[in-house]
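Here is a short set of exercises to work through with the coordinates open in your viewer. Try each task before reading on to its solution.

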Amino acid sequence: MQPLGDGRRGLVHNRIVVRLISADPARRGLLAGALAAGEGLKAAARRRLQAKGCSMPADLAIDIRNEENPALTSSQREYELNASIEGGSAAAASPELPLAEPAPPRARPRARLVLLEGDGPVREVEIARDIFNIGRIKEVREKDQRPTRRNDFYFGEAQTSVSRRHAHIRYYPETGEFRIFDDRSARGTRLFSGGEPIDVPSGRGRGEQLHSGDEIYFGSVAVRFEILGGDPA
């Protein structure tokens with residue numbers, strides 16, 4: 001982030017290359033997976049800059065390169081980061097020219113989960129948080145009884161096909177998407193979207209986007225995802 005004049009700050013580079021250069025191929029793969037997990041590096045950078053009141057180029061590109069035969073530096077670093085200005089955005093480095101402001105976050109639409117198959121203390125619940133946890137019990141505790149997670153939608157101890165930390169739904173205000181992630185559950189998470197089955201990747205990746213009317217299976221327990229008032233654009 002650099003000063004742009006008039007009290008403004010922003011990212012002036014529109015091209016960022018992250019080169020993974022560890023000598024250990026497994027370590028490079030681990031780093032690549034971490035950078036691609038969840039919302040991805042570009043969306044995470046945009047969210048962080050917005051939180052700090054900073055602007056960023058509309059054409060920002062971030063490339064992650066896993067070098068097969070890295071030329072190691074004397075410091076044996078695991079990655080290198082190079083930022084540059086390419087194309088028309090080069091003018092953005094001038095304090096006299098404002099950077100394109102990111103689109104404002106969208107208001108989160110009302111959404112809910114409705115229980116279709118299986119039993120539980122509640123039949124439906126509204127998704128009232130940007131990160132919404134789902135699991136077998138309400139509160140997950142360690143052996144010393146310290147709480148480690150609270151589930152917003154839970155089904156009770158009898159539903160053994162549902163893991164205690166089974167899945168979570170995340171809302172992205174930048175895109176208006178709800179996405180579901182499997183939290184390394186024992187029996188997996190599966191969608192039926194438009195009649196097609198989709199297995200949600202376990203423990204990594206970008207999850208799967210949800211659309212109103214999708215059915216979600218947590219083990220053998222099924223719920224329906226509904227947008228109240230229509231699917232977001």
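Helices here are DSSP runs of H or I with at least four residues, strands are runs of E with at least two, and both are numbered from the N terminus. Keep in mind that this is a predicted model.

**Exercise 1. The overall fold**

Task: Find how many helices and strands the protein has, and what percentage of its residues count as buried.

Solution:
- Step 1. Going through the secondary structure gives 2 helices and 18 strands.
- Step 2. The protein has 233 residues, and 36% of them count as buried.
- Step 3. For the surface, the exposed area comes to about 12900 Å², with 49% of it supplied by carbon and sulfur atoms.
- Step 4. Now look at contacts with a separation of 6 or more: residues 24 or more positions apart account for 60% of them.

**Exercise 2. The largest pocket**

Task: Work out which elements line the largest pocket, and how its lining divides into nonpolar, polar and charged residues.

Solution:
- Step 1. Start with the volume: the largest pocket holds about 410 Å³ of space.
- Step 2. Its lining has 17 residues, and those closest to the centre are Ile 16, Leu 41, Ala 45, Ile 62 and Leu 81.
- Step 3. At least two lining residues come from each of strand S3 (15-20), helix H1 (25-36), helix H2 (41-51) and strand S5 (79-84).
- Step 4. H2 gives the largest share, with 5 residues.
- Step 5. Sorted by type, the lining has 15 nonpolar residues, no polar ones and 2 charged ones.

**Exercise 3. Salt bridges**

Task: For the partners of Asp 152, Glu 139 and Arg 190, give the closest N to O distance, then decide how exposed each residue is.

Solution:
- Step 1. The structure holds 18 salt bridges. In one of them, Asp 152 pairs with Arg 129, and the closest N and O atoms are 3.4 Å apart.
- Step 2. This pair links distant parts of the chain, 23 residues apart: Asp 152 sits in the loop between strand S10 (147-150) and strand S11 (153-154), and Arg 129 in the loop between strand S7 (124-126) and strand S8 (131-135).
- Step 3. Buried needs under 20% relative accessible area and exposed needs over 50%. Asp 152, at 24%, is therefore partly exposed, and so is Arg 129, at 48%.
- Step 4. Glu 139 pairs with Arg 150, with the closest N and O atoms 2.7 Å apart. Glu 139 belongs to strand S9 (residues 139-141) and Arg 150 to S10, so the pair ties together parts 11 residues apart in sequence.
- Step 5. Glu 139 is partly exposed at 22%, whereas Arg 150 is exposed at 57%.
- Step 6. Arg 190 and Asp 199 also form a salt bridge, their closest N and O atoms being 2.7 Å apart. Arg 190 is partly exposed at 35%, and Asp 199 is partly exposed at 49%.
- Step 7. Finally, shared partners join Arg 112, Glu 124, Arg 224 and Glu 226 into one network of salt bridges.

**Exercise 4. The surroundings of Ile 127**

Task: Is Ile 127 buried or exposed, and which residues does Ile 127 contact beyond its neighbours within four places in sequence?

Solution:
- Step 1. Locate Ile 127 in the loop between S7 and S8.
- Step 2. Its relative accessibility is 1%, so Ile 127 counts as buried.
- Step 3. Leaving those sequence neighbours aside, Ile 127 is in contact with Arg 108, Ala 111, Arg 112, Leu 113, Phe 132, Ile 169, Phe 178 and Phe 225.
- Step 4. As a check on backbone distance, the C-alpha atoms of Ile 127 and Arg 110 are separated by 7.0 Å, with their positions 17 residues apart along the chain.

Technical notes: Residues numbered from 1 in each chain as written. Predicted model: local features only at pLDDT ≥ 70, side-chain atom pairs only at ≥ 80, totals over all residues. Heavy atoms only, no water. Buried < 20%, exposed > 50% of the residue type's maximum accessible area, 1.4 Å probe, protein only. Contact = heavy atoms within 4.5 Å. Areas by Shrake-Rupley, 256 points an atom, 1.4 Å probe, with all protein chains shown as cover. 1 Å grid on protein atoms, 1.4 Å probe; cavity = no way out; pocket = protein on both sides within 12 Å on 5 of 7 lines; lining within 4 Å. Points joined across faces, edges and corners; volume = space filled by probe spheres on them. Nonpolar A, V, L, I, M, F, W, Y, C, P; charged D, E, K, R; others polar. Salt bridge = Lys/Arg side-chain N within 4 Å of Asp/Glu carboxyl O.
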